[in-house]
Amino acid sequence: MSRKQNRVDMNLAAGFGVAGVKRFPPIGSVFNTLKEKSKLSLETNMTSGVGLIEQLSKLIDSQDTAYTVENSKPKVKRKALTVRSALRQIKVEGQPLRVKQACELIRNTQHDRVPSVALARRRTDADGHMSLVLDLDAEQIEGSTYAWAVMTCRKLENIRDETRKLRHMQRMQFLPPLNNVKHGQMPKLDVYERAVVNSELAELDARWAADAGSQTLQEKLIREMLALARGIDRRVRVNLEAFGSRLYGLSTSASDFDLAMSIRVPQRNAEVGFMRFVRHFVVRLQRTRGFQRVVWLQHARVPIVKFVYRTSHGEHECDVSFNHGLGMAKSRMIHTYMRSDPRVRQVLMVLKEWAITRAISNQNAMNSFGVMLMGLTYLAQERVVPPLQLLTTNAMNTRGWKNLAALQQSREQISALYLSEQSEPIRCVQSGEQLPDWRVEGKNAYFLAKSVGWQSPNKQTVPELLFGLFRFYGCEFEPENHAVSLRLGSARIARANLHELKVQMPEMVLGRPQMWRENLRLLAVEDPFEPQVNCARSAQGEWVEGLLWEMRRAAAVLRSGANEGRVLSALFVPPTPSIYCDASVWASVYGRLFPTLQQSVNEHVFDPERDMTPETIIPIEELEAAQIKNTN
C-alpha cells in the first residue's frame, strides 16, 4: 500500500469542519471518523511514531546546518539530519530502533495536518553541493544513502501542537448518554440558591425586553414603510404592525424586526393587483435611502421581503411578510399564554436563551418558534396554562381536565376537530359550549383571548418546571411515536392520530438509512393553526437526537444545583471545540440511528457495552464546571 493510500484524512478523523461546534454532525461523519480511529488504534506503532517525531523534531531543531529541499515549492532550506545519526541519540518507549523501522514509523505517522517531519534522500550535484529530495511516494527504504529526516515546520511549537492533536485523534471518547436523569429529581433550592435564581431571572428579563430606543426605532420604521406603501395606490388599504417576538415581548433590543403588512386591493383581479402592489413596494424600498440589500422571496410559503434598515445607530435586519394573518394570530396567542401565568414568560425566556447559546435554534432544522411550541405544550400538559384553543372559559375544573385527557387519547375525537371532517360544531372541553369559528386564511384560528382570572393548579417553581421540561423531552418523550400538539395541550399525542399532519411515520424509514436524509423526520411539532404543517419538517434525525441529548444535559445541570454562584446560567455554557470538535463523540448519542446504520453496512465500529467505559466517557460536568469557573 502506498503512503498516500495509507494516509488518514485528518480532517475527517477529527471531525473538523463537519462537526466542530456546529450542531449536530451527520451520522456518516460519525461513522467514518470512528472507522478511521479504529484503524489508528489497530496500528500499535502509532504512539511510538508520535514519540519518535517529537524527539526527532527536537534533535533536528538543535542542528546548525540547513539544506536546500529540491522538490518543495518554492525551494526552501530546512534543518535535517540522518535517521541513523538520530537513532544513536534517542530511544522510543525505551527501545532502540533500526533505521528501516524508524522510517516506517515516520511514514505511517505522517498526516495532512502533521507536516512536521518528512523523509528525504541525499542528492549531490557535480560541484559537490548536497541537497535533499523529499521522499513523498517511495515505498521502500534501501540503498547506501539511507533516509534523512527533514523538519518541514519552521517552529518546534507547531510540531508539538500537531502531535498533541494526533494523540487526541487516537483516543476513543464519547459523550455520556445521561439517561440517568430520568430517575432524578430537582433538589429543593435553599435560600441562597433561590436568591441566585431570582437574580438570574431578573438579568434575563432585562436582556429579553427591548429598550425604549428600540421601540422608538420600530415605530419610526413602521411609519416610513406605511408612507411608502400608501403612496403607491390610495385605493389599496394597507396596515403594518410587528409580530413574532416583538409582539409578545420576548426580544432583545438587537433582535430582528419582524413586520406583517396586510394589503386589501379592490376585488376585481385581487391576486394580480396584490402581486403588482408588492412589486411596486419592493422597488420603492430599493430606491429609498436607509433601506439596503432588499430581497423579495416571492416563492416562499408566505411572501417575504428581507432588507437591512440603516440608521445613525447602525444596521438592523428586517423581514416584512404580506397578508400573513396566521402569523399575527399565532403571535397573539403566545402573548395570551404568557399573560396567563408569569412563569410562562420566564420559562420561555430561559428556553430561548438556552437554545441560542447552545447553538440549537437553527433555521435549517427548527427555528425558535418550534422550540417555543415545545415549551408551551409542556406547560399546557402540566396544567400551568389551559388549552386556549379548546376553551370558552378559563375556569377549568376536574371535569374539564378529564374531558381533555379523553380527547387526547381518542383518534375519533381528534379527527372531529379537523375542518375537513367536522360533522358537528367543536365544543369547549369544560363547558360544552360551541367554540367560535374564527377563520384566518381559511384556517380556524380561534383561541380564548382572555387570560385574566386563570388559576393554575400547578404550583411548581420556574427551576422545577424547567427541570421537568428538559427531563420529559430528554427521557420520556418518544419522538418516533409521539407528536407535540399545543392545540391539544400535550406532547404525548400519538402521531398516528394526527392524520392530517404531513409527516411520514419514522417506522417506515428507520430501517433504511439511505432514505434518512430525505424522508426521516423523527420530530413532529404540530402548527397550532395549520395542523397539516410540521414545524420540525426540516430537522434531520441527527439534529433531533442531538436536541434530546441537550435536553438531558440541561436537566443534569439543573439537578446539580448551584455552580460557582450559578443555577440557571449554568445552562448557557456555550459548546466548545475541546468537547465537541470530534464527530465520533456523538456515536453514544445517536442511539436510534447508529445500530441500524452499522447493521445496514455490516460494519460495527461502535458497541456501547464494549466501548463505553469510565475511561472513554467524557467528564462533561467537570469540563463545563471548569469552563464556568474560568469565565467568572
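At what angle do helix α12 (residues 325–340) and α14 pack, and how far apart are their axes? The answer is in point 2 of this note, which concerns a predicted model.

1. Overall content. The protein chain has 632 residues, of which 53% count as buried. Its secondary structure comes to 23 helices and 15 strands. Taking contacts between residues at least 6 apart in sequence, 71% join residues at least 24 apart.

2. α12 against α14. The angle between helix α12 (residues 325–340) and α14 is about 40°, and the axes are 12 Å apart. The two helices are therefore oblique to each other. α12 passes α14 in a left-handed crossing. On the α12 side the contact is made by Lys330, Ile334 and Tyr337, and on the α14 side by Phe369, Met372 and Leu376. By class, this contact of α12 with α14 has five nonpolar residues, no polar ones and one charged.

3. α13 against α14. Helix α13 (residues 342–357) packs on helix α14 (residues 368–381) at an angle of about 140°, with 10 Å between the axes. This angle makes α13 oblique to α14, because the cut-off for roughly antiparallel is over 145 degrees. The crossing of α13 and α14 is right-handed. From α13, the residues in the contact are Val344, Val347, Leu348, Leu351, Lys352 and Ala355. From α14, they are Ser368, Val371, Met372, Gly375, Leu376 and Leu379. The residues of the α13 contact with α14 divide into nine nonpolar, two polar and one charged. Met372 and Leu376 of α14 are listed in this contact and also in the contact with α12.

4. Thr377. This residue lies in helix α14. Is Thr377 buried or exposed? Its relative accessibility is 0%, so Thr377 counts as buried. A polar atom of the Thr377 side chain lies 2.7 Å from the backbone oxygen of Leu373. Leaving out residues up to four places away in sequence, Thr377 touches Tyr473, Val484, Ser485, Leu486, Gly489, Ser490 and Ala491.

5. Residues with positive phi. Most residues other than glycine have a negative phi. Two residues should be checked against that background. Arg383 is not a glycine, yet it has a positive phi of about 65°. Arg383 is found in the loop between α14 and α15 (398–409), and at 36% relative accessibility it counts as partly exposed. Glu441, also not a glycine, has a positive phi of about 55°. The place of Glu441 is in the loop between β11 (439–440) and β12 (443–444). With a relative accessible area of 44%, Glu441 is partly exposed.

6. Gly249. The loop between α10 (245–248) and β7 (257–264) holds Gly249. Its relative accessible area is 29%, so Gly249 is partly exposed. Which residues is Gly249 in contact with, leaving aside its neighbours within four places in sequence? They are Trp208 and Arg345. Arg345 falls within the residue range of helix α13 (residues 342–357). The C-alpha atoms of Gly249 and Met338 are separated by 9.3 Å, while the two residues are 89 residues apart along the chain. Met338 falls within the residue range of helix α12 (residues 325–340).

Conventions: Residues are numbered from 1 along each chain as its sequence is written. This is a predicted model: local features need pLDDT of at least 70, side-chain atom pairs count only at pLDDT 80 or more; totals for chains, interfaces and linings use all residues. Side-chain values use heavy atoms; hydrogens and water are left out. Axes are lines fitted to C-alpha atoms, for helices over the stretch in contact, and angles run from 0 to 180 degrees between N-to-C directions. Helices (H or I, at least four residues) and strands (E, at least two) are DSSP runs, numbered from the N terminus. Angles under 35 degrees count as roughly parallel, over 145 as roughly antiparallel, 65 to 115 as roughly perpendicular and the rest as oblique. A crossing is left-handed if the near helix is turned anticlockwise from the far one by less than a right angle, and right-handed if clockwise. Contact means heavy atoms within 4.5 Å. Ala, Val, Leu, Ile, Met, Phe, Trp, Tyr, Cys and Pro count as nonpolar, Asp, Glu, Lys and Arg as charged, and the others, Gly among them, as polar. Buried means under 20% relative accessible area, exposed over 50%, partly exposed in between (1.4 Å probe, protein chains only). A polar contact is a pair of N or O atoms within 3.5 Å; within protein, one must be able to donate a hydrogen and the other to accept it, and residues adjacent in sequence count only if both atoms are side-chain atoms.
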